[in-house]
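Here is a short report on one protein model. It covers the helices, the cores and the pockets in turn.

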Amino acid sequence: MAAVLCVGLTTLDVTQRVDAFPEPGQKIRSLGAVLSPGGPAANAARAVAALGGRAALLTALGADALGEFVRASLEPVQVTAVPGTTPVSMVVVRDADGERTVVSRNASVPVEAPDLSDLLDAADVVLLDGHHEGLVIPVARQAKAMGLPVVLDAGSWKPVLDHLLPLVDVAACSHGFERSEAEVHSYGVPLVIRTQGAKPVTWSRNGSSGELPVPAVEVKDTNGAGDVWHGAYAYALASGTDPVAAIGFASEAAAVRVGAVGDWVEELARWQDSRSGSTSC
């Protein structure tokens, strides 16, 4: 079974679905509300588990009711949580096109990594999101020393990336990531990928570059789509898929996410089960 260790941010997401985003000072009625785990690392781990992989999550959670709810909701992901806070994200999704807006506190309390030996020994691929510097740097260093592939979910520039990028094998950047492909390569990253929503995903490696189209889909909810992309990509790598070929699989999985309303984890699991009755890539 392909095993992925996801390291970084976990949040509690409060998601409201609306007809239209409110104007300043306006009160509106939502079409529905959902309470669920969120955050790049946690969503990626949930995607890995839904695809049939063995998902482990190293993160920080508060020792309170919020943290306990999130931990319980993450099953069957193996959660290792160091003491910290449980950030809350307020998510509003527009019903007509699935566009979302997010207000989040994110990680604000320094944390320290536990003993990483068992987590890394059980992993085929490590996926980092750049949050919780006290976790991602030690994991990346140890994974690099062990020869484990290290994938970075590069959503936005963070100061820690100056130290993290030299340890990364694949940097999968969002459309809004503030550094160019050439700048990311200059840190020694072999493969740089950039997702661009509905536009083709681009990649560059060893002087070669290309692009792969993404599936056309009716967009219903974009929240967490990038996280699912990264989780699916790491799962494909852990399954032995070529790093460039894994882009297509990740884009298909993300398309399932944006086409789902409600429990996207179940939708992703059903999609994977429907693929020739196999959990492989």
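This is a predicted model, in which local features need pLDDT of at least 70, side-chain atom pairs count only at pLDDT 80 or more, and totals for chains, interfaces and linings use all residues. Residues are numbered from 1 along each chain as its sequence is written, and side-chain values use heavy atoms, with hydrogens and water left out.

**Two helices**

Helices (H or I, at least four residues) and strands (E, at least two) are DSSP runs, numbered from the N terminus. Helix H1 covers residues 40-50. Ten of its eleven residues are buried, so H1 is largely enclosed by the rest of the structure. Buried means under 20% relative accessible area, exposed over 50%, and partly exposed in between (1.4 Å probe, protein chains only). Pro40, Asn43, Arg46 and Val48 are among the buried residues of H1. Just after H1 comes Gly52, with a positive phi of about 100 degrees.

Helix H4 has 14 residues, 133-146. The expected span of a helix is 1.5 Å times one less than its number of residues. For H4 that gives 20 Å, and its end C-alpha atoms are 20 Å apart, which agrees. Leu135, Val136, Ile137, Val139, Ala140 and Ala143 are buried in H4. Gly147 follows H4, and its phi is positive, near 80 degrees.

**Two cores**

A nonpolar core is a set of buried Ala, Val, Leu, Ile, Met, Phe, Trp, Tyr and Cys residues joined through side-chain atoms within 4.5 Å. The largest one has 50 residues; Cys6, Leu57, Ile193, Trp229, Tyr233, Ile247 and Leu268 touch the most other members. Helix H7 (residues 225-238) provides the largest share of this core, nine residues. Another core, of 35 residues, lies apart from it and includes Ala60, Leu120, Leu152 and Ala171.

Leu57 has contacts (heavy atoms within 4.5 Å) beyond four places away in sequence. Among them are Leu5, Cys6, Ala41, Ala45, Leu74 and Val79.

**Two pockets**

On a 1 Å grid over the protein atoms alone, a pocket is an open set of points where a 1.4 Å probe fits, with protein on both sides within 12 Å along at least five of seven lines; lining residues have an atom within 4 Å of a point. Grid points are joined across faces, edges and corners, and a volume is the space filled by probe spheres set on the points.

| Pocket | Volume | Lining | Gives the most |
|---|---|---|---|
| Largest | about 1,200 Å³ | 44 residues | H7, five residues |
| Second largest | about 390 Å³ | 21 residues | S3, six residues |

The lining of the largest pocket has 16 nonpolar, 21 polar and seven charged residues. Here Ala, Val, Leu, Ile, Met, Phe, Trp, Tyr, Cys and Pro count as nonpolar, Asp, Glu, Lys and Arg as charged, and the others, Gly among them, as polar. The lining of the second largest pocket divides into six nonpolar, nine polar and six charged.

Which residues are closest to the centre of the largest pocket? They are Arg100, Thr222, Ala225, Gly226 and Asp227. Gly226 lies in helix H7 and is partly exposed at 37% relative accessibility. Its C-alpha is 9.3 Å from that of Ser251, 25 residues away in sequence. Thr222 sits in the loop between strand S13 (208-212) and H7. Thr222 is also partly exposed, at 22%. Beyond four places away in sequence, Thr222 touches Gly98, Glu99, Arg100 and Val258.

In the second largest pocket, Val34, Ser36, Asp221, Gly262 and Trp264 lie nearest the centre. S2, strand S3 (32-38), H1 and helix H9 (264-274) each supply at least two residues of its lining.
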